[in-house]
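Here are some exercises to help you find your way around a new structure. Have a go at each task before you read the solution below it.

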Amino acid sequence: MMKNITIFDLDGTCIDSSHRQNTLPDGTLDIPKWLENATPEKIFQDKLMPLAQQINKRAKAGDFTIVCTARIMTFADFEFLMNEGINPKMIL
């Protein structure tokens, strides 16, 4: 029986991908540079943050777990999550 719906973000919340981020002079994210840095090699340098473990913990507790991200999810992103044991029920 499902208890709750829990929603998690990735970048800066569950995953430290700061090594791939660049900002513009006004402080906003440089999207073209972010996309350029979305290579499998760089994605696999991302690190899990402590909150990431809650995704599976909440699922085991009966929650419906969702990752909601602005990332353009590539095969490497899904592979990284699988390799790290992060298995949400849904990714939006």
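A short note on the model comes before the exercises.

This is a predicted model, in which local features need pLDDT of at least 70 and side-chain atom pairs count only at pLDDT 80 or more, while totals for chains, interfaces and linings use all residues. Residues are numbered from 1 along each chain as its sequence is written, and side-chain values use heavy atoms, with hydrogens and water left out.

**Exercise 1. Follow the strands**

Task: Work out which strands β4 pairs with, and in which sense.

Solution:
- Step 1. Start with the terms: helices (H or I, at least four residues) and strands (E, at least two) are DSSP runs numbered from the N terminus, and two strands pair if DSSP finds at least two bridges between them.
- Step 2. Look at β4, residues 64–67, beside β1, residues 5–8: four bridges join them in the parallel sense. Phe8 has Val67 as its bridge partner here.
- Step 3. Now go to β5, residues 90–91, which runs parallel to β4 and is joined to it by two bridges. Val67 turns up again, with Ile91 as its bridge partner in β5.
- Step 4. Add helix α4 (residues 75–83), and you have a right-handed β-α-β unit made of β4, α4 and β5. Right-handed means that, with the strands pointing away from the viewer, the path from the first strand over the helix to the second runs clockwise.

**Exercise 2. Check out Asp63**

Task: Decide whether Asp63 is buried or exposed, then find what its side chain contacts.

Solution:
- Step 1. Find Asp63 in the loop between α3 (53–60) and β4.
- Step 2. Apply the cut-offs: buried is under 20% relative accessible area, exposed is over 50%, and partly exposed is in between (1.4 Å probe, protein chains only). With a relative accessible area of 3%, Asp63 is buried.
- Step 3. Look at Asn4: its backbone nitrogen lies 3.3 Å from a polar atom of the Asp63 side chain.
- Step 4. Turn to Arg58, whose side chain meets that of Asp63 in a salt bridge (2.8 Å, N to O). A salt bridge is a side-chain nitrogen of Lys or Arg within 4 Å of a carboxyl oxygen of Asp or Glu. Arg58 itself is partly exposed, at 24% relative accessible area.

**Exercise 3. Hunt for salt bridges**

Task: Find out how many salt bridges the whole structure has, and what the one between Asp11 and Arg71 ties together.

Solution:
- Step 1. A search of the whole structure turns up six salt bridges.
- Step 2. In the Asp11–Arg71 pair, the closest N and O atoms are 2.7 Å apart. Asp11 sits in the loop between β1 and β2 (15–16) and Arg71 in the loop between β4 and α4, so the pair ties together parts 60 residues apart in sequence.
- Step 3. Check the cover on Arg71: at 9% relative accessibility, Arg71 counts as buried.
- Step 4. Widen the view, and you'll see a network of salt bridges linking Asp11, Arg20, Asp46, Arg71 and Asp77.
- Step 5. For a pair inside one helix, try Glu36 and Lys33, which form a salt bridge (3.2 Å, N to O). Both lie in helix α1 (residues 31–36), three residues apart, or about one turn of the helix. Lys33 is partly exposed, at 29% relative accessibility.

Methods
Polar contact = N/O pair within 3.5 Å; in protein donor to acceptor, adjacent residues only side chain to side chain.
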